Amino acid sequence: MTDYAQEQEMEIEALEAILMDEFKEIHSSESGLNTSGRCFHITLSPQDDEMDESTTMPVQLGLIFSHTEKYPDEPPLLNVTSIRGIPGEDLKILREKLQQEASENLGMAMIYTLVTSSKEWLSERFGQESSLEIAEAEERAKEDVIVPHGEPVTLDTFLAWRERFEAEMALERAKIMPESALTAPKEKKLSGRQWFESGRASAKGAAPVTEGSDVEDEEELDFDEDDFEDDEEDMLEHYLAEK
């Protein structure tokens, strides 16, 4: 004749030794089970060997059981509760899964088997989901990063580009300067930049600079240093835009 009480007590001792702080006895009124017998609560988290012990688990499950009179020849009373982050629909699915497995393991102590099955289910249901969310977040972060293309910007490359840029601008200014400005005596001839920035480019029909013009002899082009700094900043922005 099978001594069910002895088998049940031996299983409880084994579970206490294996699960330690995760295993505790609770009052039957806290179990959610229709019994006045001894009830036990096991705290479970997803299996993750790489998870640091100090890391807070995103989900936690409470597996509650009570031995029936003829356990293990009949299934135990089972209940599952969410300690953290498990929707009710998932709890219902897990409860049905465990009841099915209990029916398949009659005749042997099965609580630890159900514990292992519950951990695996948590890992598959929530561990995989968390991994996918992390992967998606990393992918979005990669899309937000601006990847530089072409030659890296250095002082040397910028100065070389500015030299080419100023030469091109001088050529463009020369194309719109009147012939008289280009044929003026050397000592009175304005540079392309001076002529362009003096505002004369807006009046192509302006009189040429001549030796007889006393006003022009005294005229000096005065530029604020800030203007040159602004020009350099504008050219840098233009250069970066090209890159």
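Which residue in S4 is the bridge partner of Leu 61? I will come to that after a few words on the chain as a whole, and I should say at once that what we are looking at is a predicted model.

The protein chain has 243 residues, and buried residues make up 28% of them. Its secondary structure comes to 9 helices and 4 strands, and, read from one end of the sequence to the other, these elements follow the pattern α-β-α-β-β-β-α-α-α-α-α-α-α. If we take the contacts between residues at least 6 apart in sequence, 59% of them join residues at least 24 apart. The accessible surface of the chain comes to about 16,500 Å², and carbon and sulfur atoms account for 49% of that.

A word on confidence, then. The mean pLDDT of the chain is 77, with 58% of the residues reaching 70 or more. Over residues 211-219 the pLDDT is below 50, and this stretch has 6 contacts in the model beyond near neighbours in sequence. Where pLDDT is low, the predicted coordinates should not be read in detail.

Now to the sheet. The 4 strands form an open sheet in the order S1-S2-S3-S4, with antiparallel pairing. Strand S1, residues 23-26, and strand S4, residues 77-84, stand at the edges with a single partner strand each, so one side of each of these two is left without a neighbour in the sheet. From one strand to the next, the twist averages 25°.

Let me walk across the pairings. S1 and S2 pair in the antiparallel sense over 4 bridges, and here Ile 26 stands opposite Cys 39 in S2. S2 in turn pairs with S3, again in the antiparallel sense, over 5 bridges, and the bridge partner of Thr 43 is Gly 62 in S3. S2 is also mostly covered, since 5 of its 6 residues are buried. Strand S3, residues 60-66, pairs with S4 over 7 bridges, once more in the antiparallel sense, and this brings us back to the opening question, because the bridge partner of Leu 61 in S4 is Ser 82.

What packs on this sheet? Helix H1, residues 4-19, does so by touching S1, strand S2 (39-44) and S3, and the direction of H1 makes about 130° with that of S1. Helix H3, residues 88-104, lies across S3 and S4, and runs at about 150° to S4.

I would like to finish with two serines. Ser 118 lies in helix H4, which spans residues 111-144. Is Ser 118 buried or exposed? With a relative accessible area of 0%, Ser 118 falls under the 20% cut-off and is therefore buried. As for what surrounds this residue, and leaving aside its neighbours within four places in sequence, Ser 118 is in contact with Leu 44, Leu 61, Leu 63, Leu 94 and Leu 98. Leu 61 in that list is the residue whose bridge partner in S4 is Ser 82.

The second one, Ser 45, is found in the loop between S2 and S3. Ser 45 has a relative accessible area of 15%, and because this too is under 20%, Ser 45 counts as buried. Its side chain is joined to that of Gln 60 by a polar contact of 3.3 Å.

Note on methods
Residues numbered from 1 in each chain as written. Predicted model: local features only at pLDDT ≥ 70, side-chain atom pairs only at ≥ 80, totals over all residues. Heavy atoms only, no water. Axes fitted to C-alpha atoms, helices over the stretch in contact; angles between N-to-C directions. Contact = heavy atoms within 4.5 Å. Buried < 20%, exposed > 50% of the residue type's maximum accessible area, 1.4 Å probe, protein only. Polar contact = N/O pair within 3.5 Å; in protein donor to acceptor, adjacent residues only side chain to side chain. Areas by Shrake-Rupley, 256 points an atom, 1.4 Å probe, with all protein chains shown as cover. pLDDT = per-residue confidence, 0-100.
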